[in-house]
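Hi,

Here is the structure I promised to pass on. Have a look at it first, and then read on for what turned up.

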Amino acid sequence: MEGINSIYLPQFTIGEHAFEQFGPEMGRYGKTVMIIHGEKAWKASREYVLPAIEKSSLTAAGTLLYGHDATYENVERIMADKKAREADMFLAVGGGKCIDTVKLAADKMGKPVFTVPSIASNCAPITKISIMYHEDGSFYDIPRLNCVPAHCFIDPRIVMAAPVRFLRAGIGDAMAKHIESAWSAKGGETLDYGSELGITAGRMCFLPLLRDGEQALKDAQAGVVSEALENAILNVVISPGIVSVSVHPHYNGGVAHALFYGLTSRKHIEENHLHGEVVSYGTLVNLLLDKDYENLKLAYRFNRRTGLPVCLGDLELTKEDRLEDVLAVTMANQELVHTPYPVTGEMIYQAIQELEEYREE
């Protein structure tokens with residue numbers, strides 16, 4: 001057998017008592033844990049995290065604000081911290097940018113990292129990549145890490161403390177994972193085990209969210225920890241992560257995410273709209289481009305019911321905008337390195353225009 005193909009599947013615990021597993025899970029790696037967090041995330045979670053560590057066999061080496069963006073400068077700052085260098089492991093508490101920063105620092109330092117997501121908006125808490133940015137907020141690169149985080153602890157009460165728009169955006173981002181991975185593999189090539197596993201798991205990012213997503217948003221708004229809410233959180237954080245860590249990179253993206261990078265080159269979209277909101281619009285474009293009208297109807301209807309974008313106006317754009325700059329960035333993005341058939345900027349623009357005229361049957 002030539003070569004080695006390793007797949008690192010995520011481990012997680014979810015529930016209001018999830019942090020009771022700190023000791024059993026983290027205790028295998030040592031005694032001292034450095035808590036590295038986002039500012040708002042720590043305010044929402046410290047009352048749960050610190051008592052749980054005190055009740056375990058662990059010792060908190062200290063706490064550190066990671067910064068305010070996923071930059072290499074913040075990675076270097078973590079690596080230079082004396083308490084962080086001496087700790088046996090890291091606990092990353094925050095959103096995707098915080099967790100990606102801590103993951104990369106831990107990877108460079110050879111330390112295990114554990115995650116506590118403060119919002120359910122992406123799969124960063126369980127993946128083996130970090131999405132990094134320049135200090136001015138523009139995209140930098142996506143370094144691949146040696147392993148996934150050792151364990152992810154999800155307390156739905158912390159997730160509910162964040163504005164519900166983050167969960168809504170997370171649902172939009174997760175649904176794209178299924179559409180893009182299945183679309184990317186439509187070329188008919190033979191899939192290896194990991195790719196087939198990931199693409200199959202990707203269905204969990206779509207159909208269960210169509211079923212549970214709307215109720216989950218209502219429950220989150222009401223502060224109710226429900227089965228629908230926990231299912232939605234898992235299908236936002238865990239299911240897309242399983243796709244990400246399993247499939248060949250060719251099947252890990254598509255039009256929805258490429259168009260996200262193009263659209264967010266417009267400053268007002270980057271500043272006013274969350275990642276998953278923009279991606280969910282791109283999902284509709286991806287489906288129209290592929291003429292997948294069955295899933296388009298489902299996704300369009302869901303977006304309308306939940307307040308996710310369905311047209312250019314929802315992103316503060318107009319039908320008359322030719323989007324040349326947006327499409328140039330879209331077509332240059334790594335998400336379109338592999339497509340099941342040739343895709344051009346004009347094809348994407350045409351799908352955007354068709355979406356403006358689309359109405360549910």
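In which sense do strand S2 (residues 32-37) and S3 pair, and over how many bridges? They run parallel, and six bridges join them. One spot to click on is valine 33, which stands opposite alanine 60 in S3. Before you go further, please keep in mind that this is a predicted model.

**The sheet**

Those two strands belong to an open sheet of six strands, with parallel pairing. Going across, the order is S1-S8-S5-S4-S2-S3. S1 and strand S3 (59-65) are the edge strands, each pairing on one side only. From one strand to the next, the twist averages 20°.

S8 is a good place to zoom in. On one side, S8 pairs with strand S1 (residues 12-14) in the parallel sense, over three bridges. Threonine 13 has phenylalanine 153 of S8 as its bridge partner. S8 also pairs with strand S5 (residues 113-117), again in the parallel sense, over two bridges. There, threonine 115 has cysteine 152 of S8 as its bridge partner.

Now turn to the side chains of S8. In a regular strand, side chains alternate between the two faces of the sheet. Strand S8 (residues 151-154) has His151 and Phe153 on one side, with Cys152 and Ile154 on the other. Are these four buried or exposed? All of them are buried, so both faces of the strand are covered.

**Salt bridges**

The structure holds 13 salt bridges. Three of them are worth showing side by side:

- Aspartate 155 and arginine 157 form one, with the closest N and O atoms 2.8 Å apart. Aspartate 155 is buried, at a relative accessible area of 1%, whereas arginine 157 is partly exposed at 28%.
- Glutamate 25 and arginine 28 form another, with the closest N and O atoms 3.2 Å apart. Glutamate 25 is buried, with a relative accessible area of 10%, while arginine 28 counts as exposed at 56% relative accessibility.
- Glutamate 214 and arginine 305 have their closest N and O atoms 2.8 Å apart. This pair links distant parts of the chain: glutamate 214 sits in helix H9 (residues 207-222) and arginine 305 in helix H14 (residues 293-306), 91 residues apart. Glutamate 214 is partly exposed, with a relative accessible area of 25%, and arginine 305 also counts as partly exposed, at 40% relative accessibility.

There is also a network: salt bridges that share partners join Arg266, Asp321 and Asp325.

**Cavities**

How many cavities of 30 Å³ or more does a search of the whole structure find? It finds three. The largest cavity has a volume of about 50 Å³.

If you want to colour its lining, pick Gly172, Met175, Ala176, Phe206, Ser280, Thr283, Leu284, Ala299 and Asn303. Helix H7 (164-184), helix H13 (275-289) and H14 each supply at least two residues of that lining. What sort of residues line the largest cavity? Five are nonpolar, four are polar and none is charged. H14 thus turns up twice here: it holds arginine 305 of the salt bridge to glutamate 214, and it contributes to the lining of the largest cavity.

That's the tour; shout if anything is unclear.

Cheers

Definitions and conventions
Residues numbered from 1 in each chain as written. Predicted model: local features only at pLDDT ≥ 70, side-chain atom pairs only at ≥ 80, totals over all residues. Heavy atoms only, no water. Buried < 20%, exposed > 50% of the residue type's maximum accessible area, 1.4 Å probe, protein only. Pairing = 2+ DSSP bridges. Salt bridge = Lys/Arg side-chain N within 4 Å of Asp/Glu carboxyl O. 1 Å grid on protein atoms, 1.4 Å probe; cavity = no way out; pocket = protein on both sides within 12 Å on 5 of 7 lines; lining within 4 Å. Points joined across faces, edges and corners; volume = space filled by probe spheres on them. Nonpolar A, V, L, I, M, F, W, Y, C, P; charged D, E, K, R; others polar. Axes fitted to C-alpha atoms, helices over the stretch in contact; angles between N-to-C directions.
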